[in-house]
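Here is a short briefing for a reader meeting this structure for the first time. Keep the model in view while you go through the points.

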Amino acid sequence: MTKPPKPGPIGVSQAARAPLPRRSRNAPRPKQPRPDAMPARIDPCLATLVAKPPKGSDLAFEVKWDGYRVEVHIEKGGVRILTRGGHDWTDKFPSIAAEAPRLPVKTAILDGEAVVLDAQGRSDFGLLQRALGRRPASHEPGEILVYAFDLLYLDGRDLRRLPQRERRRLLEPLLEGRVGAIRLSEEMEADGEAFFRVACELGLEGIIAKHRARPYRSGKRPEWLKIKCIRRDNFVIVGFEPSTVPGAIGRLLLAAMKGGSPVYVGSVGTGFTRQSSGKLRELLEQIPTKTPAVKLGRKNATFTRPILAAEIEYRAWTEDRKLRHPSFKGLHEINDVATIYRIDE
């Protein structure tokens, strides 16, 4: 009589106890994915301008910074900082270039905005231009910092195919809490309309809305939306410069009130039609004055009595208190000086 086989240990089958087949020394090993080549340059994703904040649960909101768009390339051979047009401006941003190698990465491409902050912590394009040496500056190039809002490449991996929320998840640990020349552009968990209202009240340029589920694509895209804060105020018309078009106005000269007196705040040359420009010139030529309300060395200008106000739409103020991107929207008589924009002492 044949004896039955001896039972194995409790819970272990005979199949499990069978010897495992030996792997041939020449058997191919599982292939590791090849690293993605680091792009020499990436055309940036550009936000589309819309009139009001979008609604939706899958949106991320950020401050719209007022500066120069840059890509910070952290490479094995050093750091490169490229402008939106692909120019190498590494030397113009010494503080950013010095800090980039200290980030906890081997290779990376950060997408962000180079800015200079004013005393209230707001980005100011005029201050940035001065720091870059365009005009006499109260700020040094070392004061330029970058707010990074996207991560396009990290340690051998091209991240552009990932949704925005995943790129953001990888970016935040690299920069969170840093207060040097490279900082994280914070995302706001907020209602878009409420965030936009607060941003405008604080004097910011506007906000950006991003779809969390979308990949990064170059060019102007609907995945990113920008909503700008537009200001609208009345300014005294103190004169005009003629246009090259006969009978038309080239620029209106404008003033605000400061301490009871008008002070020059720049000029506006857009917002007119050819017809409205001609009618406005006819009107202003009827109220000339030999004693200008403000002192200006404009040989070409015709100065007028300060009895009319221009309604001006503009984006912000420059460092030297001039209107930035003004546009003419209408004409009013000055019935009450209180309706004219006042500059705080």
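Helix H5 (residues 192-201) lies across S2, S9 and S10. H5 runs at about 155° to S9. The model is a predicted one.

**The sheet beside H5**

- Four strands make up an open sheet, in the order S1-S10-S9-S2. The pairing in this sheet is mixed.
- Strand S1 (45-49) and S2 are the edge strands, and each pairs on one side only.
- From one strand to the next, the twist averages 40°.
- S2 and S9 run antiparallel and are joined by five bridges. Glu62 has Ile208 in S9 as its bridge partner.
- S9 and S10 also run antiparallel, and five bridges join them. Gly206 has Lys228 in S10 as its bridge partner.
- Strands of a sheet pair through backbone hydrogen bonds, either parallel or antiparallel.

**Strand S2**

- S2 is mostly covered, with five of its five residues buried.
- Leu59, Phe61 and Val63 point one way from S2. Ala60 and Glu62 point the other way. All of these residues are buried.
- In a regular strand, side chains alternate between the two faces of the sheet.

**Helix H4**

- H4 has 12 residues, which at 1.5 Å a residue should span 16 Å. The end C-alpha atoms of H4 are 16 Å apart, so the expected span and the model agree.
- The buried residues of H4 are Gln164, Arg167, Arg168, Leu170, Leu171, Leu174 and Leu175. They cover an arc of only 165° around the axis, so they sit on the same side of H4.
- An α-helix has 3.6 residues a turn, so residues three or four places apart point the same way.
- The buried residues of H4 pack against strand S2 (59-63), S5, S6, S8, strand S9 (206-211) and strand S10 (219-228).
- Gly177, just after H4, takes a positive phi of about 85°.

**Nonpolar cores**

- The largest nonpolar core has 36 residues. Phe93, Ile96, Leu110, Ile144, Leu151, Leu175 and Ile182 have the most contacts inside this core.
- Several elements give two or more residues to this core. Among them are strand S3 (68-75), strand S4 (78-83), helix H2 (94-99), strand S5 (108-115) and helix H3 (125-131). Strand S6 (145-154), helix H4 (164-175) and strand S8 (182-184) are also among them.
- A second, separate core has 21 residues, including Leu284, Tyr314, Trp317 and Ile343.
- Which residues does Ile96 contact, leaving aside its neighbours within four places in sequence? Ile96 is in contact with Val72, Ile81, Ile144, Leu145, Val146, Ala181 and Ile182.
- In soluble globular proteins, nonpolar side chains tend to be buried together.

**Helix H6**

- In helix H6 (residues 274-284), Ser277, Gly278, Leu280, Arg281 and Leu284 are the buried residues. Seen down the axis of H6, these buried residues fall within an arc of 165°, so they line one face of the helix.
- Gln275, Lys279 and Glu282 are exposed, on the face of H6 turned away from its buried side.
- The buried residues of H6 pack against strand S11 (231-242), strand S12 (249-258), strand S15 (308-314) and strand S18 (327-333).

**Two loop residues**

- Asp43 is in the loop between helix H1 (14-17) and S1. Asp43 has a relative accessible area of 41%, so it counts as partly exposed.
- Not counting residues up to four places away in sequence, Asp43 touches Glu71, Tyr216 and Ser218.
- Asp43 and Gly219 are 176 residues apart along the chain, and their C-alpha atoms are separated by 6.8 Å.
- His87 is in the loop between S4 and H2. Is His87 buried or exposed? His87 has 51% relative accessibility, so it counts as exposed.
- Leaving aside neighbours within four places in sequence, His87 is in contact with Ile81 and Leu82.
- His87 and Arg41 are 46 residues apart in sequence, and 9.9 Å apart in space from C-alpha to C-alpha.

**The whole chain**

- The chain has six helices and 18 strands.
- Of its 345 residues, 45% count as buried.
- Among contacts between residues at least 6 apart in sequence, 67% join residues at least 24 apart.

Conventions. Residues numbered from 1 in each chain as written. Predicted model: local features only at pLDDT ≥ 70, side-chain atom pairs only at ≥ 80, totals over all residues. Heavy atoms only, no water. Core = buried A, V, L, I, M, F, W, Y, C linked by side-chain atoms within 4.5 Å. Buried < 20%, exposed > 50% of the residue type's maximum accessible area, 1.4 Å probe, protein only. Contact = heavy atoms within 4.5 Å. Expected span 1.5 Å × (residues − 1). Arc of directions from axis to C-beta. Pairing = 2+ DSSP bridges. Axes fitted to C-alpha atoms, helices over the stretch in contact; angles between N-to-C directions.
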